[in-house]
Amino acid sequence: MGPSRLELSKPVIGAVEGAAVAGGMELALWCDIRVMAETAYLGVYCRRWGITLMDGGSVRLPRLVGQGKALEIALTGRKVEAEECYRIGLAEKVVPHGETRAAAEAMAHEIARFPQEAVRADRRSIIETRGMPVRDALKVEWANGLEAIRREGTAGASRFRDGAGRHGDFSNI
């Protein structure tokens, strides 16, 4: 217990291969993005023993799937297989068994090649503005993005002006 109570400033990608139940599920829910093997599953298996979700599971699960589905998963303690996880928003990608780590690392490398202040500002805005009224959320987004634009965006716009990244080309950013 504990690591999933931390708040990080960098994106976290989880690779779920096999069972991620009880605390393992809470750790997976802590990740920003989850890549699951087609044979992997999540579940509140601690339900059988009278153990509650105490590492963010009861907070993050409804934020990902909605209150009704979160209640159904948490209260029944049932197995939630990878394909259902993908369908309801508990996984962003499902890959063949044995390929989760490579897929998660490939995604991490893809994200890491972008200007990081902008990546972190957008991540922070998405997390911080959840549940806020739109007007308040727009103010937070503006504040989070302004410094990143100053530090990275002006140079990036110049590179685009000079021809880099045209027509959706991500090879030369």
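In what order do the three strands of the open sheet with mixed pairing stand? To answer this on screen, keep in mind throughout that the model you have open is a predicted one, and select β2, β4 and β5, because these strands form the sheet in the order β2-β4-β5.

**The sheet with mixed pairing**

With those strands selected, look to the two edges, where you will find β2 (19-21) and β5 (79-81), each of which pairs on one side only. Neighbouring strands of this sheet are turned against each other by 25° on average, if direction is ignored. Now narrow the selection to β4, residues 41-43, and β5, which run antiparallel and are joined by three bridges. To see one such pairing at the level of residues, pick Gly-43 and then look in β5 for its bridge partner, Lys-79. Add α1 (23-30) to the view, and you will see this helix lying across β2 and β4, running at about 95° to β2.

**The whole chain**

Before going further, clear the selection and display the complete protein chain, which has seven helices and six strands. Followed along the sequence, these elements give the pattern β-β-α-β-β-α-α-β-α-β-α-α-α. If you turn the chain along its principal axes, its C-alpha atoms fill a box of roughly 60 × 40 × 25 Å.

**The sheet with parallel pairing**

Next select β1, β3 and β6, which make up an open sheet of three strands in the order β1-β3-β6, with parallel pairing. The edge strands here are β1 (13-16) and β6 (93-95), and each of them pairs on one side only. From one strand to the next, the twist of this sheet averages 20°. Keep β1 and β3 in view, since the next stop is this parallel pair, joined by four bridges. Within the pair, select Ala-15 and then Val-35, its bridge partner in β3.

**Two packed helices**

Leave the sheets and select α6 (116-128) together with α7 (134-161). Two packed helices are described by the angle between their axes and the distance between the axes. For α6 and α7, the angle is about 180° and the axes are 9 Å apart, which means that α6 is roughly antiparallel to α7. To display the contact, show the side of α6 that includes Gln-116, Ala-121 and Glu-128, and the side of α7 that includes Val-140, Gly-145 and Glu-152. Colouring this contact by class would give four nonpolar, four polar and seven charged residues.

**The largest pocket**

Which residues lie closest to the centre of the largest pocket? Select Trp-30, Asp-32, Arg-60, Arg-123 and Ile-127, which are the closest to its centre among the 30 residues that line it. About 1,000 Å³ of space lies in this pocket. To see where the lining comes from, display α1, β3 (33-37), α2 (57-65) and α6, each of which supplies at least two of its residues. Among the contributors, α6 gives the largest share, with eight residues. By class, the lining of the largest pocket divides into 14 nonpolar, three polar and 13 charged residues.

**The second largest pocket**

For the last stop, select Pro-115, Ala-118, Gly-153, Gly-156 and Arg-159, which are the closest to the centre of the second largest pocket among the 25 residues that line it. The space in this pocket comes to about 480 Å³. Bring α6 and α7 back into view, as each of these helices supplies at least two residues of the lining. Here the largest share, 12 residues, comes from α7. The lining of the second largest pocket divides into 14 nonpolar, six polar and five charged residues.

Methods: Residues numbered from 1 in each chain as written. Predicted model: local features only at pLDDT ≥ 70, side-chain atom pairs only at ≥ 80, totals over all residues. Heavy atoms only, no water. 1 Å grid on protein atoms, 1.4 Å probe; cavity = no way out; pocket = protein on both sides within 12 Å on 5 of 7 lines; lining within 4 Å. Points joined across faces, edges and corners; volume = space filled by probe spheres on them. Nonpolar A, V, L, I, M, F, W, Y, C, P; charged D, E, K, R; others polar. Axes fitted to C-alpha atoms, helices over the stretch in contact; angles between N-to-C directions. Parallel < 35°, antiparallel > 145°, perpendicular 65-115°, else oblique. Contact = heavy atoms within 4.5 Å. Pairing = 2+ DSSP bridges.
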